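Biologist: I would be grateful for a close look at a single part of this protein. Please choose one strand, describe its surroundings, and follow the contacts that lead away from it.

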Amino acid sequence: MLLKDAKILIGDDSILARKQLKDVLSSMGAVNFIEAVNGKETVEKYISEKPDIIFLDIIMPIKDGITAVKEIIAEDSSAQIIIVSSVGTQQQLKAAIEAGAKDFVQKPINAEQIKAIVSAKFD
């Protein structure tokens, strides 16, 4: 699948973080974005929209990212979830990976790191 054909879900309570990630992904050719402002909405949009990849913050209102990862993986064990968070402790990283996340990106985001992750998943 080409990145331009991919459906990308960005779950983050920060409008700035969502915009920065969309800007990086748009520069790579992505055009189909779905946004969610908390973990609960991210899970709901995952179920209804079935995106190809999810970028998800850990610390969010209503439902945190780790809980959202667990719920999404329970729905679809092959979900491609990338945690993007400023909470970069080993404990949080371990919890995210154990819950089913495929990768972890530290905020502030590094465009090259996002490009490397996305390039490995899309042509």
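Modeller: The account below begins with the whole chain, turns to one strand, and then follows the charged pairs.

The model is a predicted one. The protein has five helices and five strands, and from the N terminus on its elements run β-α-β-α-β-α-β-α-β-α. Its radius of gyration is 13 Å, close to the 14 Å that the globule rule gives for 123 residues, so the protein is as compact as a globular protein of that length. The C-alpha trace spans about 30 × 30 × 25 Å along its principal axes. Of the 123 residues, 42% are buried. Among contacts with a separation of 6 or more, 62% are between residues 24 or more positions apart.

The part chosen is strand β4, which comprises residues 81–85. Five of its five residues are buried, and the strand is thus described as mostly covered. In a regular strand the side chains alternate between the two faces of the sheet. In β4 both faces are covered: Ile81, Ile83 and Ser85 lie on one side, Ile82 and Val84 on the other, and all are buried.

Strand β4 has pairing partners in β3 and β5. With β3, residues 53–56, the pairing is parallel and extends over three bridges; Ile83 of β4 is the bridge partner of Leu56. The connection between these strands involves helix α3, residues 65–75, and β3, α3 and β4 together make a right-handed β-α-β unit. With β5, residues 103–106, strand β4 also runs parallel, and four bridges join the two. Here Asp103 of β5 is the bridge partner of Ile82.

Ser85 deserves separate attention. This residue belongs to strand β4, and it counts as buried because its relative accessibility is 0%. Leaving aside residues up to four places away in sequence, Ser85 touches Asp57, Ile58, Phe104, Val105, Gln106 and Lys107. With Asp57 there is also a polar contact of 3.4 Å between the side chains.

Two of the residues touched by Ser85, Asp57 and Lys107, lead to the charged pairs. Side chains of opposite charge can pair when their charged atoms come close. Lys107 and Asp57 form a salt bridge in which the closest N and O atoms are 3.5 Å apart. This pair links distant parts of the chain, with Lys107 in the loop between β5 and α5 and Asp57 in the loop between β3 and α3, 50 residues apart. Both Lys107 and Asp57 are buried. A network of salt bridges links these two residues with Asp12.

The count of salt bridges in the model comes to 13. Another of them joins the side chains of Lys7 and Glu49 at 3.8 Å, N to O. Lys7 is in strand β1 and Glu49 in helix α2, 42 residues apart, and this pair too links distant parts of the chain. Lys7 counts as partly exposed because its relative accessibility is 24%, and Glu49 likewise counts as partly exposed at 33%. A further salt bridge is formed by Lys4 and Asp5, whose closest N and O atoms are 3.3 Å apart. At 48% relative accessibility Lys4 is partly exposed, and Asp5 is partly exposed at 44%.

Note on methods
Residues numbered from 1 in each chain as written. Predicted model: local features only at pLDDT ≥ 70, side-chain atom pairs only at ≥ 80, totals over all residues. Heavy atoms only, no water. Buried < 20%, exposed > 50% of the residue type's maximum accessible area, 1.4 Å probe, protein only. Pairing = 2+ DSSP bridges. Right-handed = clockwise from strand over helix to strand, strands pointing away. Polar contact = N/O pair within 3.5 Å; in protein donor to acceptor, adjacent residues only side chain to side chain. Contact = heavy atoms within 4.5 Å. Salt bridge = Lys/Arg side-chain N within 4 Å of Asp/Glu carboxyl O. Rg over C-alpha atoms; globule rule 2.2 N^0.38 Å.
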